[in-house]
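Visitor: I'd like to learn how to read the empty spaces in a protein model. Can you walk me through one?

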Amino acid sequence: MVVAHPLKSRLLGLILTTALVACSPNSIADDGVWPKVRSPIAQDAEIEAKIDSLLAQMSVEQKVGQMIQAEIKSISPDDAAEYHIGSILNGGGSWPTDKADGPLGAWLSMANLFYGASMDTGDDRLAIPILWGTDAVHGHNNVVGATIFPHNIGLGAANNPDLMRDIGTVTAREVAVTGIDWTFAPTVAVARDARWGRTYESYSEKPNIVANLSKEFVVGLQGHPALDNFLSEQKIIATAKHFIGDGGTANGKDQGETTLTEQELFDIHGQGYVTTLGVGAQTVMASFNSWNGEKLHGSKYMLTDVLKGQMGFDGLVVGDWNGHAQIEGCTNASCPQAINAGVDLIMVPEDWKAFSQNTISQVKAGDIPMSRVDDAVRRILRVKYRAGMFDSGKPSEHALASRAKLLGHADHRAIARQAVSESLVLLKNDGVLPINPNSRILVAGSGADNPALQSGGWTVTWQGRHIETRALNPRKYYKGHTTIADGIRDAAASAGGETLAKPDPDTRPDVAIIVFGETPYAEFEGDLANLDFDLLDNEDFKLMQSLKSDGVPVVAVFLTGRPRGVDAAIDLADAFVTAWLPGSEGAGVADVLIAAPDGSPRQNFKGKLPFSWPANGVSSTDNEDVKYKVGYGLTY
Ligand code: GLC
């Protein structure tokens, strides 16, 4: 991938910063690397006074409890009350019951129980509402029936800021239906080596694309004061993650080492923070990776001096899943270093009780200054007040609570379908596309009728498959989804055409659409040693070969979370379309591939490569001689 030229991207950074910083030229004149970012959410004297008053009443136990986020499978509402726990999360593939497709109301019921416990002032406890965070990273993806958007790599290909705002708005609505207030999104990573298992969570290798799209997504999720809907009832709290340099690790190794100068770190990996904090993102998640040998969870310079001091961030910093334990000398259950570095809310899914007890001792022993604890609690309370949580009543009383019809609503799916169509990138077309619908079309391949391959990881389960057996999720987890084959079948049928789901020696198709690609993965489970894609043993590729030998034109559709070395398939096929990980609205693929009855395109290709594409045999895309450069994409 092309490394951003420091000077050029510095200019970009300055342009972005200029747009965001109150016209105080001297603040960008200083030769520091990190700009002051002025959030549109000014500090509110009334809120600060309320925080002062609450802080003054809080014991050390209550303050430390506020700084802890536990996983819903390892804590009960009563535990949360007893230990004054400030936040809960459901990890990827964690649901309020032991069934993914349990009743939708179970989410709201659990939210009510935890809220009620946190507001119960028995045993002279203080009423401080508990904050539930979830990974709604491409729709409300842990919930069966939710609209599932293309993963970020596809949205980067579409590169449509207005659409991003709509996606944020819809995501917030569907999350609000379940009584949850906070999503750990957007990922503003700038993936620089596609061997990284989280490449598909990155919009692009280009900092400016990440900056622009994540900004609009945050406005959709949270609202904005200028729109008079900031954290209103239909909005939820956003998270800019993972701070910082998650996409820049050596060899794309997840949670690995990012070695860059400070200027490069800002130029390449800092732009999404400038823009998302500039529109008021209220939380930042610390990253697992290291920068120049220091784990970010333990970096006081980055978390406190840069993010909070220099950039002026006044929301809360949440740790990643036991990320604190990766600091030298820390464990899941104890890590004063992370708190002193600037993590305000520790994500300690299981060991929250021991962490609480240890941290209380560390505060009382002076290992953690009370001023640091007060700052962390102030930030947590500030976000809760800004989100209106103290006044909004229990989750089931919120405006969108239990409005189940909103989940997967046709209007939401229409937006997702537009995103699918706009995300498609045409790498090759010998003229076979668009396809006349009044034809006999073979639609086959492992991804043709496969919602699991369409949605990838972070979909109902963490890995997009069963955590132990690694089998693909059952089809019932993809309720309401349309597959790529569904869309093609409908388009053909409406024009008198016909489709075949598998080759038939007696029925020769006019054209074949073969959908193939990666099977689902998430995080480090998706890391690769190189980007080669084994085609020789691939049944889909063999089918393409046999069709071509029978003289049938072949359109290859590739489902993938990143560029891969698939030269032989690109060379063999008459047309090659990258569909990334389109999510629930697979029918959107047909909107572009299948023509109108008169043969004219119904929708043109719009997608452009957000990542450079390697030739076969290249270990990563972090090199100059790529097969296709960023921005490549053909149209009709
Ligand atoms: C994961 C991911 C992070 C996610 C968190 C909670 O490990 O790194 O992106 O938000 O844990 O699920």
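Guide: Sure. Keep in mind that this is a predicted model. Start with the ligand: the space it takes is the largest pocket.

Visitor: How does anyone find empty space in a pile of atoms, and what volume does the largest pocket have?

Guide: The general idea is that rolling a probe the size of a water molecule over the atoms shows where empty space is left. Here, the largest pocket comes out at about 650 Å³. It has 38 lining residues, and G91, G92, G93, W321 and W462 are the closest to its centre. Sorted by class, that lining holds 16 nonpolar, 12 polar and 10 charged residues.

Visitor: Why does the largest pocket lie between domain 1 and domain 2?

Guide: Because both of them supply lining residues: domain 1 covers 6–366 + 385–406, and domain 2 covers 424–628.

Visitor: Now the ligand. Which residues are closest to it?

Guide: Of the 13 residues around the ligand, the closest are D135, R198, K241, H242 and D320. The shell splits into 7 nonpolar, 1 polar and 5 charged. For contacts, look at N and O atoms in side chains. A ligand oxygen is 2.5 Å from such an atom in D135, another pairing with D320 is at 2.6 Å, and one with K241 is at 2.8 Å. On its own the ligand exposes 310 Å², and the protein buries 96% of that.

Visitor: And what lines the second largest pocket?

Guide: That one has a volume of about 280 Å³. Its lining is 17 residues, with D181, S232, E233, A387 and H398 nearest the centre. By class they are 8 nonpolar, 5 polar and 4 charged.

Note on methods
Residues are numbered from 1 along each chain as its sequence is written. This is a predicted model: local features need pLDDT of at least 70, side-chain atom pairs count only at pLDDT 80 or more; totals for chains, interfaces and linings use all residues. Side-chain values use heavy atoms; hydrogens and water are left out. On a 1 Å grid over the protein atoms alone, a cavity is a set of points where a 1.4 Å probe fits but cannot get out, and a pocket is an open set with protein on both sides within 12 Å along at least five of seven lines; lining residues have an atom within 4 Å of a point. Grid points are joined across faces, edges and corners, and a volume is the space filled by probe spheres set on the points. Ala, Val, Leu, Ile, Met, Phe, Trp, Tyr, Cys and Pro count as nonpolar, Asp, Glu, Lys and Arg as charged, and the others, Gly among them, as polar. Domain bounds come from an automatic or database domain assignment. A residue is near a molecule or strand if one of its heavy atoms lies within 4 Å of it. A polar contact is a pair of N or O atoms within 3.5 Å; within protein, one must be able to donate a hydrogen and the other to accept it, and residues adjacent in sequence count only if both atoms are side-chain atoms. Accessible areas come from the Shrake-Rupley method with a 1.4 Å probe; for residues, only the protein chains shown count as cover. A molecule sits in a cavity or pocket if more than half of its atoms lie within 2 Å of its grid points.
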